[in-house]
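User: I would like to go through this model by question and answer, beginning with its open space and then turning to its strands.
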Amino acid sequence: MHFDTRCSDCHALEKDVVFAGPSLFGLRARMSLAEIKTAISRPNETIATGFEDGTLVLVDGRLISGNITVEEDHYLYSSADKNESFTKVEVEVYSPAISGMPEGLLEDLGKHEIDDLHYFLVNLKGE
Ligand code: HEC
């Protein structure tokens, strides 16, 4: 099964187990098949919650990297223990999140193999 060779290094199937990527436990309950397909073929289109690492280079030279969201007139950095906000004039460069999941994972698979993988994913057990 292709999941074991290509995906399981980064994704656990057990609940709340996080490797480089989120657990895929109960995937079907939170994503449609179409969303799952996009997550695999274009990882950068949507980034899973908690994995959206962006980077800010501040005018004062500091580098902030982590969960950064862009609000109307400021950037918001949030981590488990604090939230920090930076106005646009304080920020020199903002680089949005890039998915930690590589592109082109299924490029060399045939249609049947890809269908098998999708079938496997939508049928993952959940609660
Ligand atoms: C090198 C590590 C890596 C590999 C290999 C990898 N992924 Fe990912 N995957 C990630 C990361 C990191 C995320 C979270 C960022 C994002 O959403 O793009 C993610 C997100 C996802 C999501 C979205 C989950 C959600 O809750 O939004 C799905 C579905 C997924 N991967 C499936 C797969 C499948 C299927 C494979 C094998 C074909 C695979 N991944 C291989 C790292 C990986």
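User: By class, how many nonpolar, polar and charged residues does the lining of the largest pocket have?

Analyst: This is a predicted model, in which local features need pLDDT of at least 70 and side-chain atom pairs count only at pLDDT 80 or more, while totals for chains, interfaces and linings use all residues. Residues are numbered from 1 along each chain as its sequence is written, and side-chain values use heavy atoms, with hydrogens and water left out. A pocket is an open set of points on a 1 Å grid over the protein atoms alone where a 1.4 Å probe fits, with protein on both sides within 12 Å along at least five of seven lines, and lining residues have an atom within 4 Å of a point. With Ala, Val, Leu, Ile, Met, Phe, Trp, Tyr, Cys and Pro counted as nonpolar, Asp, Glu, Lys and Arg as charged, and the others, Gly among them, as polar, the lining has 21 nonpolar, six polar and two charged residues.

User: Which element gives the most to the lining of the largest pocket?

Analyst: Helices here are DSSP runs of H or I with at least four residues, and strands are runs of E with at least two, numbered from the N terminus. With three residues, the element that gives the most to this lining is α3.

User: In what order do the five strands form the open sheet?

Analyst: Two strands pair if DSSP finds at least two bridges between them, and the pairing in this sheet is antiparallel. β4 (83-87) and β5 (91-95) each have a single partner strand, so one side of each is left without a neighbour in the sheet. The order is β4-β3-β2-β1-β5.

User: What is the bridge partner of Gly54 in β2?

Analyst: Strand β1 (residues 53-58) runs antiparallel to strand β2 (residues 63-70), and five bridges join them. In β2, the partner of Gly54 is Gly66.
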